[in-house]
Amino acid sequence: MRRGLVWVVAALCGLGAARAETPDQRASALVAKLTLDQELTLLHGNFALRAYDAAYGLPPAPPVPGALGSAGYVAGIPALGIPALQEVDGGLGVSVPPDAEDGKGSTALPSSLALAAGFDPRMAYEAGAMMGREAFDRGFNVLLAGGVNLTRDPRGGRNYEYLGEDPLLAGTLDGALIHGVQDQHVLATLKHFAMNDQETNRQFDNALIGEAAFRESDGLAFEIALETGHPMAVMCAYNQVNGQYACANHHLLDDVLRRDWGFDGFVMSDWGAVHSALDINAGLDQESGQEFDPVTYFSTPLSVALSQGLVTRARVDEAVRRILRAELTVGLMDHPPVRQPIDFAADGAVAAQEEAQGLVLLKNHRLLPLSPAIRRIAVIGGDANTGVMSGGGSSDVVPKTLPQLLPVVQMGEGLAGRYTRAILDPDPPLSEIERQAPGAVVRYDPGLYPGAAARLAKWADVVVVFAPKWETESQDVPDLSLPGGEDALIAAVAAANPRTVVVLETGNPVLMPWLPNVRAVVEAWYPGAEGGKAIAGALFGTIDPSGHLPMSFPANTAELPRPVVPGQDAAPGQITPVDYNIEGAEVGYKWFSARHLPVLFPFGFGLSYTRFSFTHLSHGPGLTVSFDVGNDGKVAGATVAQLYLSARNGVAMERLVGFARVALAPGETRHVVLTIDPRLLADFNVAGDDWVMPGGVYRFGLGDSAADLTESLTARLPAQHVAP
Ligand code: GLC
């Protein structure tokens with residue numbers, strides 16, 4: 001063997017031996033070398049977005065040495081090869097400050113509701129990978145993405161960051177997204193654990209939920225995301241759960257997350273969610289955003305608690321070990337970020353694909369797709385000549401070009417500054433519509449005056465009205481109506497010309513009093529960096545709309561579990577209950593279905609420009625179910641086959657137990673096989689801390705929405721116990 005080769009083999013063996021150590025072994029070896037002071041520096045971190053100090057009500061402070069300038073920064077220990085944690089938001093793209101050094105922002109993904117509406121785990125992985133790459137390219141090694149709170153309340157200000165009302169859908173997609181992020185050697189954060197399902201009084205609301213109901217709803221979404229995405233960080237939430245703050249909740253952090261679900265990463269707090277150094281004894285490992293806490297608990301107070309024997313050194317060692325093991329598992333030490341230009345073209349294509357798959361056609365009465373030969377098009381409202389709406393808060397993304405900032409009136413007591421203006425992603429639908437119909441005269445009206453808009457509508461062959469609704473972290477919306485007189489505008493335009501299509505750019509369901517008077521409605525959610533192209537493509541049919549609703553569109557708020565959002569009149573610091581036991585695990589469609597309450601549009605609903613059939617539903621072996629999906633129309637398209645449990649031993653219920661997104665050419669048929677997770681057929685058994693699936697007769701329904709199941713199947717299944 002040549003000498004050179006000998007060296008290579010020897011080096012590889014040596015390397016191999018060095019790397020044969022597991023992340024846990026390497027973490028333990030590092031912990032053994034750390035002094036207590038060094039350990040404590042790893043247990044708390046800064047808020048490092050200095051540009052926003054005033055907006056967050058923080059005293060002006062000098063920049064954090066070593067921080068890139070983002071949501072979070074935890075100092076490292078270079079002498080031991082422990083990197084600093086450069087933490088950046090969020091779930092919809094890399095949220096760097098507008099003054100990012102290259103004057104550019106990042107690629108804004110559409111709302112997560114668009115991702116959820118696509119029902120496509122592969123798309124979720126690609127979205128996570130894209131965000132992870134952009135974070136890595138900018139030098140960040142932690143992306144605070146992975147929100148999976150269920151959209152229990154359709155007025156929730158952050159629902160646009162979440163993945164809908166069903167735990168199977170939300171957990172499956174969140175796990176895939178997290179997997180995509182962490183494959184880029186960037187840590188993701190499963191958040192906000194747990195029950196942070198509204199923004200009103202979020203730091204002081206007390207979520208009341210029974211154990212079984214939690215484990216069968218929000219808990220199941222987190223559990224599935226944990227199993228499928230293997231996040232190495234979990235962010236505990238601001239609120240209390242059953243009277244104990246989430247970040248000091250031993251039952252949640254130790255019993256459920258670690259003992260039952262086997263989580264082996266670390267728990268970081270949300271920014272300002274720590275209340276004592278002793279929170280470490282409940283399973284919290286790291287204090288984030290220390291400036292938001294009255295004192296940096298995991299520094300001197302923790303040191304004092306150690307000296308008083310209130311916290312053990314072993315617990316501190318364990319917290320540090322978890323953090324280092326997480327970093328080593330994801331590759332932060334072996335693959336530090338390399339600064340390089342962002343590939344906005346490739347990343348924009350990911351955003352475009354996600355919106356194309358997630359845009360939902362809610363109504364189409366012989367109007368869409370529009371013909372490219374159409375002569376006169378009126379485009380009205382929604383700043384459609386400038387861009388598309390996006391949501392506010394920590395997940396907002398400064399677009400790749402200078403941000404189009406639209407000042408928004410403060411909606412309430414939410415955080416000032418950063419959370420009071422909407423960013424328009426600069427892909428104007430108007431110019432994309434012009435591109436789709438080069439021979440048409442396209443005229444735009446901002447929609448400020450319904451009379452003027454109606455006159456333009458009268459002139460046009462077809463009218464496209466844009467209806468945005470800005471929503472944000474830290475504030476829920478008071479109701480489901482469109483703001484700013486948009487309902488009156490749409491009514492006036494539709495009265496002038498019934499050939500009207502409404503394009504919603506919203507972060508939640510909305511009421512539609514004008515629905516009978518318009519010919520078509522598209523829900524585009526927050527459309528993202530390439531949203532204008534996707535909307536125009538769907539209007540003209542170059543994209544077949546294929547999204548299906550990840551959350552129900554209610555007919556009113558009176559029939560919601562909580563007709564009024566709790567805690568709106570809370571005094572500062574007042575603990576207010578949010579009684580989730582009203583609906584328990586019956587979130588969204590389960591609530592409406594169990595009570596036979598009508599909805600405007602059901603969970604899972606979405607139209608297409610073609611037609612699909614679902615046939616040959618059959619069972620076996622075990623918990624597998626198979627069926628055929630056919631495209632019976634004249635154009636290519638995609639649909640989402642949804643399998644629901646409809647009854648168990650004669651008791652009616654409705655649970656999504658499987659889904660498959662299927663793209664088909666005209667006339668094509670696809671055979672689909674699904675395997676049902678037994679937990680979805682079971683009840684969580686608190687006493688035994690396991691899942692009990694009773695034996696007996698199970699009835700399933702198959703279709704393309706919770707309200708339209710065209711195939712059914714009855715199967716006798718044996719009892720099962722499923723350990724968590
Ligand atoms: C915020 C959010 C969290 C975000 C963090 C850092 O308050 O709740 O999602 O990652 O603080 O900005």
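Visitor: Which residues of helix α2 (residues 23–33) are buried?

Guide: This is a predicted model, by the way. In α2, the buried ones are Arg26, Ala27, Leu30 and Val31. To be called buried, a residue must have under 20% relative accessible area, so each of these falls below that cut-off.

Visitor: How do you know that the buried residues of α2 line one face of the helix?

Guide: Look down the axis of α2: its buried residues fall within an arc of 140 degrees, so they line one face. There's a general rule behind this kind of pattern. An α-helix has 3.6 residues a turn, so residues three or four places apart point the same way.

Visitor: Let's move to the ligand. What makes the approach of aspartate 89 to the ligand a polar contact?

Guide: Check the distance. A polar side-chain atom of aspartate 89 lies 2.6 Å from an oxygen atom of the ligand. The cut-off for a pair of N or O atoms is 3.5 Å, so this pair counts. Histidine 192 has a side-chain N or O atom 2.7 Å from a ligand oxygen, and for lysine 191 the distance is 2.9 Å. Both values are within 3.5 Å, so these are polar contacts too. As for cover, the ligand on its own has 310 Å² of accessible area, and the protein covers 96% of that.

Visitor: Which residues come nearest to the ligand?

Guide: Out of 13 residues around the ligand, the nearest are Asp89, Arg158, His192, Tyr238 and Asp270. Sorted by class, the shell holds 6 charged, 5 nonpolar and 2 polar residues.

Visitor: Now the sheet. Why is the pairing of the sheet β9-β8-β6-β20 called mixed?

Guide: Go through this open sheet of 4 strands pair by pair. β8 (residues 240–241) and β9 are antiparallel, with 2 bridges. β6 and β8 run parallel, also joined by 2 bridges. β6 (residues 205–208) and β20 run parallel over 4 bridges. Both senses turn up, so the pairing is mixed.

Visitor: How do you know that β6 and β8 count as paired?

Guide: Pairing needs at least two bridges, and these strands have 2, so they qualify. You can find alanine 207 opposite valine 241 in β8. Elsewhere in the sheet, glutamine 240 has tyrosine 245 in β9 as its bridge partner, while leucine 208 is partnered by aspartate 579 in β20.

Visitor: What makes β9 (244–245) and β20 (576–579) edge strands?

Guide: Each has a single partner strand, so one side of each is left without a neighbour in the sheet.

Definitions and conventions
Residues are numbered from 1 along each chain as its sequence is written. This is a predicted model: local features need pLDDT of at least 70, side-chain atom pairs count only at pLDDT 80 or more; totals for chains, interfaces and linings use all residues. Side-chain values use heavy atoms; hydrogens and water are left out. A residue is near a molecule or strand if one of its heavy atoms lies within 4 Å of it. A polar contact is a pair of N or O atoms within 3.5 Å; within protein, one must be able to donate a hydrogen and the other to accept it, and residues adjacent in sequence count only if both atoms are side-chain atoms. Accessible areas come from the Shrake-Rupley method with a 1.4 Å probe; for residues, only the protein chains shown count as cover. Ala, Val, Leu, Ile, Met, Phe, Trp, Tyr, Cys and Pro count as nonpolar, Asp, Glu, Lys and Arg as charged, and the others, Gly among them, as polar. Buried means under 20% relative accessible area, exposed over 50%, partly exposed in between (1.4 Å probe, protein chains only). The arc is that of the directions from the helix axis to the C-beta atoms.
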